2 protein chains.
Amino acid sequence: MSFSEFDIIRRFFTEQSVRRDDVSLGVGDDCALLRARPEHELAVTIDTMVEGVHFPPETDPEALGHKVLAVSLSDLAAMGAEPAWATLSLSVPEPEEWWLEGFARGLFTLATQHGVQLVGGDTVRGPLVVTTQLHGFVPEGRALRRAGAAVGDLVYVTGTLGDAGAGLRLALGEWASEERGADFLRRRLERPAPRVREGMALRGIATAAMDLSDGLIADLERICAASGVGAELWVDHLPLSEALESVVPIEEALSLAVGAGDDYELCFTVPETRAEEVEAICRRFDCGCRPVGRIEAARGLRLTRDGKPYLPSTAGFDHFTDR
Amino acid sequence: MSFSEFDIIRRFFTEQSVRRDDVSLGVGDDCALLRARPEHELAVTIDTMVEGVHFPPETDPEALGHKVLAVSLSDLAAMGAEPAWATLSLSVPEPEEWWLEGFARGLFTLATQHGVQLVGGDTVRGPLVVTTQLHGFVPEGRALRRAGAAVGDLVYVTGTLGDAGAGLRLALGEWASEERGADFLRRRLERPAPRVREGMALRGIATAAMDLSDGLIADLERICAASGVGAELWVDHLPLSEALESVVPIEEALSLAVGAGDDYELCFTVPETRAEEVEAICRRFDCGCRPVGRIEAARGLRLTRDGKPYLPSTAGFDHFTDR
């Protein structure tokens, strides 16, 4: 190693703009010391990303720093939790200064936007593997869980779907595109915007929620399994970006929208009586949201397009990410 | 992957004997939901171990499961915190059943001993890299920090030193030994016993504390730097195991005791007036402890042996672990 763990931590990971007053002791001792918020539960999530598995080799370190934190923030968003503290484990083969600087910049820019302080970490020599753990607060008993979807509830998604899946194919060079939309799609892959404020605003309204990391079919199935229900999914209602529609034919766009992961949008269920409230919330945060299906008693997912059974092509399903 | 992440989690990491009543929601949703203890601070630590860097290839998975948790427990011990919740990130190339079973057994056996519940995790395909994060409680303002050692304080260590360093050389095949002590030394490397109860009992008595992961010299220097002091270290007072003395000459044993890491004993400072209390505590827990130096005003470490300056041979310093 060109410089020691201690130097890495000091040089790149202690100068933070966020200094929370619930942090008694941050980076630099055997443990961090933190003060949890009274009458709240602590929401905790841990995520690991491996080079060559979750992101391509030679990924821009700034984009990586952004993404590893975004993925964890998205988990907090899916619980309706307010982000607070992060810890980071960074295994790097050769810690080069430009790489660490870029990584730290990507991480801290997003952390600052969400009021997150890095309170601890471990840096080791090894293959490029990054693990982030994030802690947030949610008022006692008010977290959005996967279990809770009821028969008749509408299924909503935020934003647009399939963009990151298209971005991955562009990043891997499987697709070439001169279209203006290509930049947007790659940005959606590399710089997901976790729906943290939306998740917090949905407390007490959504009956179940999850973030879309593995694709709509896989993730909605998990909500259904946890809730003991099934769902009809209206494929013709799925929100697609102009960029996605400009780059691929509609069939492929729909396949990506149901099958591809990494969009980090929220999928949640609400009683139909609260649909207007939900749409007002999403308008307020400029992300938009749309009803894309309905919870039903029969188990499993039933995909329809214009009322007819729909079978997606396999093109939309990720082969690169393996989770 | 021979089976999916979801199956791994369900099959090996959800059947736990520890079910804490401060866990509202454990493994299986986007986040765990936890209830922190009122009037306590939360102590949080994260540690990563990489195959070929922190442990040799072909390490017994049960020993690895034990060790990754032991390392984090040792950090909590060094703060005087009571262990509560763990999260685990496991990157494995090929998740074979026998390996996962062994790893989970090692992890959960130790977790059960310390009342720790695994509340979340991420399992991914990749090089063998394990990250554990551990949360514990310490009454507000009572944590043992690195800063706090005062001039005149005695420096104590628990247990015996240098054993794990010798165990590593045996494990790597650099040393061969038929001595009966060799098994003990390898066990000290592979199955460290974190000094959790000792750390909790030292609250309000120790002025500074740390666990010995990188070797006595490196770690005591950190206490001194954080406290703005120096120390005299009495090398002839260092506690050595019979096993270590039976396997190597005394010069080499002392060099390991000051330089080698991975012992996971505690190093702490106490005012001389409280020495008897400290020794009574360590007798109660059967680990023993011994004064090995004294804090002084002049910065830096001053090593002496029978009152004369001591220069350790480099043999005791780890070349395998790189932290």
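This short talk covers the confidence of a predicted model, the relation of its two copies, and one pair of packed helices.

Good morning. Residues are numbered from 1 along each chain as its sequence is written, and chains are lettered from A, and ligands numbered from 1, in the order in which they are written. In this predicted model, local features need pLDDT of at least 70, side-chain atom pairs count only at pLDDT 80 or more, and totals for chains, interfaces and linings use all residues, while side-chain values use heavy atoms, leaving out hydrogens and water.

I begin with confidence. The model scores ipTM 0.89 and pTM 0.90. For chain A, the mean pLDDT (the predictor's confidence in each residue, from 0 to 100) is 90, and 94% of residues reach 70 or more. Over residues 319-323 of chain A, however, pLDDT stays under 50. Where pLDDT is low, the predicted coordinates should not be read in detail.

Next, the two copies. A turn of 180° and a shift of 0.0 Å along the axis lay chain A on chain B with an RMSD of 0.0 Å, superposed by least squares on the C-alpha atoms of residues with pLDDT of at least 70 in both. The copies are thus related as by a two-fold rotation axis. Of the residues of chain A, A:Ala36 comes closest to that axis, at 3.2 Å (C-alpha).

Finally, the helices, which are DSSP runs (H or I, at least four residues) numbered from the N terminus. How do H4 (residues 163-171) and H5 (residues 181-190) of chain A pack, and at what angle? Their angle is about 105°, with axes 7 Å apart; the axes are lines fitted to C-alpha atoms over the stretch in contact, and angles run from 0 to 180 degrees between N-to-C directions. H4(A) and H5(A) are therefore roughly perpendicular (65 to 115 degrees).

Methods. Helix = DSSP H or I, 4+ residues; strand = E, 2+ residues; numbered from the N terminus. Parallel < 35°, antiparallel > 145°, perpendicular 65-115°, else oblique. Contact = heavy atoms within 4.5 Å.
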